[in-house]
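Here are my notes on this model, as numbered points. Please read them with the structure open.

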Amino acid sequence: MKTDHVQIVFLAIGLILLAALQDMVPPFCGAKPPFLLVFALYVALTASGRTQRSRKGARPVTRWIWTACAAGYLVEALSGLPLGCCIGFMLPVCAIVRFLLRTGEEVQSSASLGLVVAAVFAPLQEAWLSAWGTYGGGSAFVRFVASALPAAVAGAILFSILPKIERFAGLREEVEG
C-alpha cells in the first residue's frame, strides 16, 4: 500500500545515497555526474498530478518541489556553494521540465528520456554555476561541454533503475503489457 511515509523515506534515502555517490565519483574534465539533478528531474517527471489526502478533496502533489529544493541544498552543501545557488537552478528546471513534458497522462520514464533530459540540463547547470562565479579550476567552456557525457550516462542509468526500485518498494503498480 502506498503511503506518504514510504514515499518520504524513499526520497530521503535516494537523496542521501545519490549525494554520497555524487561526492565520491571523480570529475570528468572538471564536471561530476549530476546524480542529484537527475533524481530531482526524475521525481518531477514521475510525480502524479494529484493525490487524495482527505475527504475535503485532492491536493496537488508537492513532493517534486521538496525534492528539487533538497537536492539543490545537498549540492550546495557538498560543494561549499552559497545558499540558494543550486536551489535556484533546480527548482525552476524541474518546474520547466514538468510543464513541458507533462501531458494529461503520466510520463513513462525510460533510459532515453533520462539520457536526453540530463544531457540537456547538466551543461545548463554548469553555465549557471559559472555565472554565479562559484566553480573555480578549469575552463568553464570545457566543463560545459564535458558535463553532458557523464550526465547522459547518469540519466540513462537512474531513469532505468529507479522505476524498478519503486515497484520493489511498492510505490508503483506493476504495468501489465
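1. A definition comes before the contact figures: two residues are in contact when heavy atoms lie within 4.5 Å. On that basis, take the contacts in the protein chain with a separation of 6 or more: residues 24 or more positions apart account for 67% of them. Keep in mind throughout that this is a predicted model.

2. Overall make-up. The protein chain has seven helices and two strands. Along the sequence they follow the pattern α-α-β-β-α-α-α-α-α. The two strands therefore come after α2 and before α3 in the numbering from the N terminus.

3. Burial and surface. The chain has 177 residues, and 40% of them count as buried. About 9,700 Å² is exposed. Carbon and sulfur atoms supply 68% of that area.

4. Which helices does α2 pack against? Helix α4 is one of them. Here α2 spans residues 35-46 and α4 spans residues 87-101. Their axes are 9 Å apart, at an angle of about 40 degrees. Angles under 35 degrees count as roughly parallel, so α2 and α4 are classed as oblique. The crossing is right-handed.

5. The α2–α4 contact. From α2 come Leu36, Leu37, Ala40, Leu41, Ala44 and Leu45. They meet Phe89, Met90, Val93, Cys94, Val97, Arg98 and Leu101 of α4. By class, that gives 12 nonpolar residues, no polar ones and one charged. The charged residue is Arg98, since Arg counts as charged.

6. Helix α7 (residues 148-169) also packs against α2. The angle is about 50 degrees and the axes are 9 Å apart. The pair is therefore oblique, and α2 passes α7 in a right-handed crossing. On the α2 side, the contact uses Phe35, Val38, Phe39, Leu41, Tyr42 and Leu45. On the α7 side are Ala151, Ala154, Gly155, Leu158, Phe159, Leu162, Pro163 and Glu166. These residues divide into 12 nonpolar, one polar and one charged. Gly155 is the polar one, because Gly is counted in that class, and Glu166 is the charged one.

7. Helix α5 (residues 111-132) is another partner of α2. The two axes come within 10 Å and cross at roughly 125 degrees. That makes α2 oblique to α5. This crossing is right-handed. Leu37, Val38, Leu41 and Leu45 of α2 meet Leu113, Val117, Ala118, Phe121, Ala122 and Gln125 of α5. The residues are nine nonpolar, one polar and no charged.

8. Shared residues in α2. Leu41 and Leu45 are in the contact with α4, in the contact with α7 and in the contact with α5. Leu37 meets α4 and α5. Val38 takes part in the contacts with α7 and α5.

9. Is Pro33 buried or exposed? Pro33 lies in the loop between α1 (4-24) and α2. Its relative accessibility is 9%, so Pro33 counts as buried; the cut-off is under 20%.

10. What surrounds Pro33? Leaving aside neighbours within four places in sequence, Pro33 is in contact with Gln22, Val25, Pro26, Pro150 and Ala154. Ala154 is also among the α7 residues that contact α2. The C-alpha atoms of Pro33 and Ser147 are separated by 7.2 Å, although these residues are 114 apart along the chain.

Technical notes:
Residues are numbered from 1 along each chain as its sequence is written. This is a predicted model: local features need pLDDT of at least 70, side-chain atom pairs count only at pLDDT 80 or more; totals for chains, interfaces and linings use all residues. Side-chain values use heavy atoms; hydrogens and water are left out. Axes are lines fitted to C-alpha atoms, for helices over the stretch in contact, and angles run from 0 to 180 degrees between N-to-C directions. Helices (H or I, at least four residues) and strands (E, at least two) are DSSP runs, numbered from the N terminus. Angles under 35 degrees count as roughly parallel, over 145 as roughly antiparallel, 65 to 115 as roughly perpendicular and the rest as oblique. A crossing is left-handed if the near helix is turned anticlockwise from the far one by less than a right angle, and right-handed if clockwise. Buried means under 20% relative accessible area, exposed over 50%, partly exposed in between (1.4 Å probe, protein chains only). Accessible areas come from the Shrake-Rupley method with a 1.4 Å probe; for residues, only the protein chains shown count as cover.
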